Amino acid sequence: MNNGRGQSGLGIAALILTILGCTSLIGLILAIIDLANKDGKGKTCSKVALGICAFWFVIGIVGGILNLGKKDNDTSNTSTTTEATTETNVDTTTEAEAEDTVEAKFENNTIVTDDYTIEILDYKVIQPGEEGNKYGSDPVIAFWYNTTNTSGKEIDPNSAWIYIMKAVQDNDPNMVNELNVGMLPDDSFVDTQMNTIKEGGTVENAVSYNLKDTETPVELTATNGMLGKEIGSQVFEIK
């Protein structure tokens, strides 16, 4: 299984967490980090973990479709009661729903989603050997950001960023150069990057991406979930 190379600890942990199902998102994050880490260790466990995550994702979609069909059936059975609702009550409900709806957007260094808000505080390029990239072989671009939990759902600052964000350097005429997530560029967040944020709470964190070059700007794009609709993007100059 290891093709003559020992498997990395991150890959083994990712495989175990994805098999459990309820911790598959954390396993996915560890697998991505392990695959991006050029440490010479075997990556088979991380690749298998990605496959298991894909399986859980398909299961989630099937469950959602079945749930939607059940809800549609329930709605049909209660249509007579709904038609009896007064116009005043309908208007009141509509206004309440409008107040609860959050407009997802990415502008002025701030990403707003239904569940949380991310504010980019600072960014910089870190060369190999420098603080924050001591063991890397490539330069990285590092971002410091705040995550605020606006929904009360279980959210940690590391997953909140990785789940919705991708970074690209447009330096190839034929393909999209999506950047790999690098190592944590700020040791002060080692113990807090995976901690759950309380509702209304704000936690700072940092993330890095391995650069293809040190001249082409980096474009961050945010989506509604890992495979969701794009909600906005912003370009960051690195020269």
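# A guided tour, starting from Asn 108

Begin by selecting Asn 108, which is exposed, because its relative accessible area of 67% lies over the 50% cut-off. The model on your screen is a predicted one, and this residue is found in the loop between strand 1 and strand 2. Although Asn 108 is not a glycine, it has a positive phi of about 50 degrees.

Now add Asn 109, whose place is also in the loop between strand 1 and strand 2, and which has a positive phi of about 65 degrees although it is not a glycine. Asn 109 counts as partly exposed, with a relative accessibility of 27%.

**The open sheet**

From this loop, widen the selection to the sheet, where five strands in the order 1-2-3-4-6 form an open arrangement with antiparallel pairing. Which strands stand at the edges? They are strand 1, residues 105–107, and strand 6, residues 202–210; each has a single partner strand, so one side of each is left without a neighbour in the sheet. If you turn the view to compare neighbouring strands of this sheet, you will find them turned by 20 degrees against each other on average, with direction ignored.

Next, select strand 4, residues 140–149, together with strand 6, and follow the nine bridges over which they pair in the antiparallel sense. Within this pairing, a convenient place to stop is Phe 143, which stands opposite Val 207 in strand 6.

With the sheet still displayed, show helix 6, residues 157–164, which lies across strand 2 (110–112), strand 3 (116–126), strand 4 and strand 6. The helix runs at about 85 degrees to strand 3.

**The second largest pocket**

Helix 6 and strand 6 also lead to the second largest pocket, since each of them, like helix 2 (24–36), supplies at least two residues of its lining. The volume of this pocket is about 740 Å³. To find its centre, select Gly 132, Gly 182, Met 183, Leu 184 and Pro 185, which are the closest to it of the 32 residues that line the pocket. If you colour the lining by residue class, it divides into 16 nonpolar, ten polar and six charged residues.

**Strand 5 and strand 7**

Move on to strand 5, residues 165–169, which is mostly covered, four of its five residues being buried. Strand 5 pairs with strand 7 in the antiparallel sense over five bridges, and in this pairing Met 165 stands opposite Ala 222 of strand 7.

Two loop residues can be visited from strand 7. The place of Thr 216 is in the loop between strand 6 and strand 7, and this threonine is buried, with a relative accessible area of 17%. Leaving out residues up to four places away in sequence, Thr 216 touches Gln 169, Asp 170, Asn 171 and Ile 238.

The last stop is Gly 225, in the loop between strand 7 (218–223) and strand 8 (230–236). Is Gly 225 buried or exposed? Gly 225 counts as buried, because its relative accessibility of 13% is under the 20% cut-off. Apart from its neighbours within four places in sequence, Gly 225 is in contact with Tyr 163 and Ile 164, so that selecting these two brings you back to helix 6, which spans residues 157–164. Finally, draw a distance from the C-alpha of Gly 225 to that of Thr 113: the two residues are 112 apart in sequence and 9.1 Å apart in space.

Notes:
Residues numbered from 1 in each chain as written. Predicted model: local features only at pLDDT ≥ 70, side-chain atom pairs only at ≥ 80, totals over all residues. Heavy atoms only, no water. Pairing = 2+ DSSP bridges. Axes fitted to C-alpha atoms, helices over the stretch in contact; angles between N-to-C directions. Contact = heavy atoms within 4.5 Å. 1 Å grid on protein atoms, 1.4 Å probe; cavity = no way out; pocket = protein on both sides within 12 Å on 5 of 7 lines; lining within 4 Å. Points joined across faces, edges and corners; volume = space filled by probe spheres on them. Nonpolar A, V, L, I, M, F, W, Y, C, P; charged D, E, K, R; others polar. Buried < 20%, exposed > 50% of the residue type's maximum accessible area, 1.4 Å probe, protein only.
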